[in-house]
Amino acid sequence: KKMAEEADVQQNLAVDAKKRADEEADVQQKSAAEAKKRADEEADVLQQHQQKLVAEEARRADEANILLQQQQQKSAADAKKMAEEAEVEFDHEAGQLNLIIQKVSCSLVG
């Protein structure tokens, strides 16, 4: 009879130990699940931040390209204007030169 009681005690201890082990496993599993959830949330935040940085960088690059294009267009317009002014100046000087040639020719002939 005493051995039967001892066996019952051992059985109860084993059941309690298994119950505690199961509870501990549940706690560990919940803890791991929460840690994974936090890690996923952190990864999402980092990814959103990275996307914002990339978008900001792209926006800045676009602005820089627009400014560069505007500068190039202004430079081209300035160069064209200078060329036109030089052409007008050249035409004027050529006209003056022609007048001088005509006067010299007239005085030589006359």
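# Reading one helix, step by step

Biologist: Let's start with one residue: is lysine 74 exposed or buried?

Modeller: Lysine 74 is exposed, because its relative accessible area is 52% and the word "exposed" is used over 50%. Please keep in mind that this is a predicted model.

Biologist: And which word fits aspartate 78, exposed, partly exposed or buried?

Modeller: Aspartate 78 has a relative accessible area of 33%, so it counts as partly exposed. Anything under 20% would be called buried.

Biologist: What do the side chains of aspartate 78 and lysine 74 form when they meet?

Modeller: Here is the general idea: side chains of opposite charge can pair when their charged atoms come close. In this model, aspartate 78 and lysine 74 make a salt bridge, with 3.0 Å from N to O. Both residues belong to helix H1 and sit 4 residues apart, which is about one turn of the helix.

Biologist: Which residues are joined into one network by salt bridges that share partners?

Modeller: That network is made of Glu56, Arg59, Arg60 and Glu63. Take one pair from it: the side chains of glutamate 56 and arginine 59 form a salt bridge at 2.5 Å, N to O. These two residues are 3 residues apart in helix H1, again about one turn.

Biologist: How accessible are glutamate 56 and arginine 59?

Modeller: Glutamate 56 is partly exposed at 27% relative accessibility. Arginine 59 is partly exposed too, at 38%.

Biologist: How far apart are the closest N and O atoms of glutamate 34 and arginine 38?

Modeller: They are 4.0 Å apart, and the pair counts as a salt bridge. The two residues lie in helix H1, separated by 4 residues, or about one turn. Glutamate 34 itself is partly exposed, with 49% relative accessible area.

Biologist: How many salt bridges does the count come to?

Modeller: The count is 7 salt bridges.

Biologist: Now let me step back. How many helices and strands does the protein chain have?

Modeller: The chain has 1 helix and 0 strands. Its radius of gyration is 47 Å, well over the 13 Å that the globule rule gives for 110 residues, so the chain is more spread out than a compact globule. You can read the outline from the C-alpha trace as well, which spans about 160 × 15 × 5 Å along its principal axes.

Biologist: Where can I see that spread between two residues?

Modeller: Try methionine 3 and aspartate 78: they are 75 residues apart along the chain, and their C-alpha atoms are separated by 110 Å. Methionine 3 is found in helix H1, and it is exposed, with a relative accessible area of 72%.

Biologist: What percentage of the 110 residues do buried residues make up?

Modeller: Buried residues make up 0% of them. The chain exposes about 10,400 Å², and carbon and sulfur atoms supply 57% of that area.

Biologist: Which residues form a nonpolar patch on the surface?

Modeller: The patch is formed by Leu97, Ile100, Ile101, Val104, Leu108 and Val109, which together have about 630 Å² of accessible area. Look at valine 104 as an example: it is in helix H1, which covers residues 2-109. Valine 104 is partly exposed, at 43% relative accessible area.

Biologist: And which residues gather in a patch of negative charge?

Modeller: Glu84, Glu85, Glu87 and Asp91 gather in that patch on the surface. Glutamate 87 is found in helix H1.

Biologist: How many positive and negative side chains does the protein chain have?

Modeller: There are 16 positive and 24 negative side chains, and the centres of the two sets lie 7 Å apart. Try finding a salt bridge on your own now, starting from glutamate 56 and arginine 59.

Terms used. Residues numbered from 1 in each chain as written. Predicted model: local features only at pLDDT ≥ 70, side-chain atom pairs only at ≥ 80, totals over all residues. Heavy atoms only, no water. Patch = residues over 30% accessible without salt bridge, like charges linked within 9 Å, V, L, I, M, F, W, Y side chains within 5 Å. Areas by Shrake-Rupley, 256 points an atom, 1.4 Å probe, with all protein chains shown as cover. Buried < 20%, exposed > 50% of the residue type's maximum accessible area, 1.4 Å probe, protein only. Rg over C-alpha atoms; globule rule 2.2 N^0.38 Å. Lys, Arg positive; Asp, Glu negative; His and termini not counted. Charge placed at Lys NZ, Arg CZ, Asp CG, Glu CD.
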